[in-house]
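Please look at the structure below with its charged side chains and its inner spaces in mind.

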Amino acid sequence: MSNPAKPTILIVDDDSEIRYSLSRVLSSRGYQVIEAPSGELGVATVKKSPPDLVFLDIRMSGMSGIEALQHIRSANPKQMVILMTAFGTAQTAIEAMKYGAFDYIMKPFDPAKVLSLAENALKAYADIRAVGDYKPTINSDDYKEGIVGSSPVMQDVFKVIGQVTASDVTVMVTGESGTGKELVARSIWKHSHRAAKPFIAVNCAAIPDNLIESELFGHEKGSFTGATGQRLGKFELCDGGTIFLDEIGDMALATQTKILRVLQQGDIQRVGGVETIKVDVRIIAATNKDLEEMVKAKTFREDLYYRLNVVRIKMPALCERSEDIPQIVDFCLQNLVKQKKARASKVSPEALAVLVRHRWPGNVRELENAIYRSAVIAQGDTILLKDLPQEIRDTVGAQPAPISAPDVPMVVPATSAPFDAMRTASAEGAALSRARTVAAAMAAAQAPLTVDSALDFLHEELSKGDEPILERIEREMIKRVVTAVEGNILKASEKLGITRATLRKRIDELGLKI
Ligand SMILES: Nc1ncnc2c1ncn2[C@@H]1O[C@H](COP(=O)(O)OP(=O)(O)OP(=O)(O)O)[C@@H](O)[C@H]1O
Ligand SMILES: [Mg+2]
């Protein structure tokens, strides 16, 4: 077993001279060093008694370093491994990081670098063990709600949500981008008597002025060029439900007048129509613009402003509720794991402290993205400081974690220290970035892809275009499979799981030049 006062380091290399010199460097710092002359023996040693850190050579006769790394990490997923090689290619570096190495070092060694790498890896190992008995801070009720926060400001928001659910009062949600305005609107709807009827969100900023009226109120056949048939608008489709008018500050004055009519009379007219249609829709509006200023400038109707602004919920920026960050992080991670998008389900106290101190100009959305990126990069089940996006580590500087009690790792004291004072990177942060090899940085930039994350990406990207998604994927897959089997149609059809005849037919239909 390893002794925390004197960490044990295992060196696996078939070259006895390398073992000897590395062992001298590491022992000089007081580490207890053990050696294994082959991949097979290295794996056996780790299985018998896991050391705190392994230095593992990539090129060895018998079992290769990459193979040994896979065995070691499957026997002990938390094992810290630093790979060593004389040949630095991007491919080996990426492979190494993909299979969960902590870092990568090139021979011949610079003793100072070896020691600083070992120190960082041992620190990461200690962090991972410290969060070993981590317990989620949120319960399944919070999960269902989808909106997390126990700060006083968020508690106030929840109270108002509760108060407005019983009636049909119009609610205006304001706040910076990414603060959760739409989430609040959905929460009001879910708790209201309208929950069984639709919730429709309309982003007024994303729809051109000449189309918004038709989008909201529908149109009659022939009412404008391109109106080839009658079409129902969102208000009619949403009858009995709740409509969320996002970015209402971007709505043209003419449309504002029609929204006012819905609020005052409860009816609409389709574009090009004469019939008055009764609708029963609750309106929740949102904006991150200063509507009061717009009213003064006469770009927003004053009467509509008062109609919409019956109850206002102002979403606080994330930096005004930094004590909620641990819970939100936790929530995001649990979601990612549930959706099988990432493997990390915990975050080290040190990384969490940095997340809590960051200013988050993009608010919860930005935090969510950062967690997603870090969880994908993390090599084990825990996000460490080194896994956080560079810009987040850079702006805050790696300060010693204020959360040190290992048994309650997610409890964070609310901090109000001035942010600028935290921008100076500490010596520890500098050492950490020095220790990251070029290889590690490259591998991090090319985060290990999973089939699921690749499919998610494809779905997102292809949804933006007009081309039918299946056709595009089919075309690309046929091209790739046929090329991979060097044009052999029989093999390609087997790989694709269709008959030869179908494949030939599809190649023709898709106009592929194969
Ligand atoms: N309190 C919270 N708990 C958990 N997730 C949250 C919270 N607030 C926001 N989110 C998440 O952050 C993201 C942004 O939220 P949302 O879209 O509601 O923000 P918004 O204020 O409407 O942003 P924008 O102004 O950019 O449209 C969403 O993925 C949402 O699920
Ligand atoms: Mg929004």
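The paragraphs that follow go from salt bridges to cavities.

This is a predicted model, in which local features need pLDDT of at least 70 and side-chain atom pairs count only at pLDDT 80 or more, whereas totals for chains, interfaces and linings use all residues. Residues are numbered from 1 along each chain as its sequence is written, and side-chain values use heavy atoms, with hydrogens and water left out.

Side chains of opposite charge can pair when their charged atoms come close. With a salt bridge taken as a side-chain nitrogen of Lys or Arg within 4 Å of a carboxyl oxygen of Asp or Glu, the count comes to 30 salt bridges. One of them joins Asp-250 and Lys-289, at 3.3 Å from N to O. Asp-250 lies in the loop between β10 (242–246) and α11 (253–265), and Lys-289 in the loop between β13 (282–287) and α12 (291–296), so the pair ties together parts that are 39 residues apart in sequence. Asp-250 has a relative accessible area of 31% and Lys-289 one of 37%. In another salt bridge, the closest N and O atoms of Asp-303 and Arg-301 are 2.7 Å apart, while Arg-472, Glu-476, Lys-479 and Arg-480 are linked in a network of salt bridges.

Where is empty space left inside? On a 1 Å grid over the protein atoms alone, a cavity is a set of points where a 1.4 Å probe fits but cannot get out, and there are two cavities of 30 Å³ or more. The largest cavity, whose volume is the space filled by probe spheres set on the points, has about 80 Å³. Among the 16 residues that line the largest cavity, with an atom within 4 Å of a point, those closest to its centre are Arg-73, Met-80, Ile-128, Gln-379 and Gly-380.

Methods. Chains lettered and ligands numbered in written order. 1 Å grid on protein atoms, 1.4 Å probe; cavity = no way out; pocket = protein on both sides within 12 Å on 5 of 7 lines; lining within 4 Å. Helix = DSSP H or I, 4+ residues; strand = E, 2+ residues; numbered from the N terminus. Buried < 20%, exposed > 50% of the residue type's maximum accessible area, 1.4 Å probe, protein only.
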